[in-house]
Amino acid sequence: MKMNTWDDYYTRKARKEGYPARSVYKLEEIQKRCSVLRRGSKVLDLGCCPGAWLQFASRAVGRTGLIVGVDIIELKNPMPSNVRFVCADALTIKERVPEELGGRFDTILSDMAPKTSGNKFVDTQRSLALCGAALDLCAACLKPKGAFVCKLFFGDGFDEFTKVIKEQFKKVKLIRPKSTRKASREIYVIAKRG
Ligand SMILES: C[S@@+](CC[C@H](N)C(=O)[O-])C[C@H]1O[C@@H](n2cnc3c(N)ncnc32)[C@H](O)[C@@H]1O
């Protein structure tokens, strides 16, 4: 029987543990290494569908915390009661902040990924635009001691973006989680203000 290369160890593990995506193990590793989610925290999750990070973060912050998920597509999976969903484009949502998103956040997560075109340069630029939008939201609604987690891709603009992050945050770390697919150019920036 031919094995589907996308149906790998982490995909099967996610299915078994009830998560809608294998991406949950990236956030799990980031949390283990950097403690970006705390009990009672208020978290903004940009590009939250299908909802694996929402589920993980919901458990990490507990009943006294709140997760606001944002995505351009509708969230179809049922979520715990401390999760709120806003269907919106992160590139234009800034004008609706903080009213619509509900104030300031302890942590802003961005696992946003653009639709790939097959052109490496175009895709990297689109991804950078999403990272820029996430960073703008940090300026608008991240608490003074807040944490920011952002997925970005190696390529043109990578060094410039990480330089800007280093200017705006006190501690910055780059992590490529073990569960990242080998062929992927993605990497996560973990940045803390406090
Ligand atoms: C890799 S998935 C995120 C997976 C998610 N972290 C999880 O664990 O289920 C990337 C998401 O980014 C969303 N996205 C892409 N562009 C966006 C935009 N401009 N605004 C909001 N979400 C966007 C996509 O719709 C997609 O659902």
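Hi everyone. Let me start with how this chain is wired: of the contacts in the protein chain between residues at least 6 apart in sequence, 65% join residues at least 24 apart. Please keep in mind that what we are looking at is a predicted model.

Now the overall picture. The protein chain has five helices and seven strands. Reading from the N terminus, the order of the elements is α-α-β-α-β-β-β-α-β-α-β-β. Along the principal axes, the C-alpha atoms fill a box of roughly 55 × 40 × 30 Å. How does the radius of gyration compare with that of a compact globule? For 194 residues, such a globule would be near 16 Å, and the protein chain has 16 Å, so the two agree. As for burial, 38% of the 194 residues in the protein chain are buried.

Let's step inside. The largest nonpolar core has 52 residues, and Leu-44, Trp-53, Ala-57, Ile-108, Ala-134, Phe-148 and Val-149 have the most contacts inside it. Several elements give two or more residues to this core, among them helix 2 (24-34), strand 1 (42-46), strand 4 (105-110), helix 4 (120-141) and strand 7 (186-192). Take Ile-108 as an example. Leaving out residues up to four places away in sequence, Ile-108 touches Leu-44, Ala-134, Leu-137, Cys-138, Leu-142, Gly-146 and Phe-148.

My next stop is helix 3. How many of its residues are buried? Nine of the 10, so to speak a helix that is mostly covered. Its buried residues include Ala-52, Trp-53, Phe-56, Ala-57 and Val-61. What do the buried residues of helix 3 pack against? Their partners are helix 1 (9-17), helix 2, strand 1, strand 2, strand 3 (83-87) and strand 4. Just after helix 3 comes Gly-62, with a positive phi of about 75 degrees.

Finally, the ligand. It is surrounded by 23 residues, and the closest are Gly-47, Cys-49, Ala-52, Ala-90 and Asp-111. Which elements give two or more residues to this shell? Those are helix 3 (52-61) and strand 2 (66-71). By character, the shell divides into 17 nonpolar, three polar and three charged residues. Notice that Ala-52 has come up twice: Ala-52 is among the buried residues of helix 3, and Ala-52 is also one of the closest residues to the ligand. Helix 3 likewise gives two or more residues to the nonpolar core and to the shell around the ligand.

Thanks for listening!

How values were computed:
Residues numbered from 1 in each chain as written. Predicted model: local features only at pLDDT ≥ 70, side-chain atom pairs only at ≥ 80, totals over all residues. Near = placed C-beta within 6 Å. Helix = DSSP H or I, 4+ residues; strand = E, 2+ residues; numbered from the N terminus. Nonpolar A, V, L, I, M, F, W, Y, C, P; charged D, E, K, R; others polar. Rg over C-alpha atoms; globule rule 2.2 N^0.38 Å. Buried ≥ 20, exposed ≤ 12 C-beta atoms within 10 Å, placed from the backbone. Contact = placed C-beta atoms within 7 Å. Core = buried A, V, L, I, M, F, W, Y, C linked by C-beta atoms within 7 Å.
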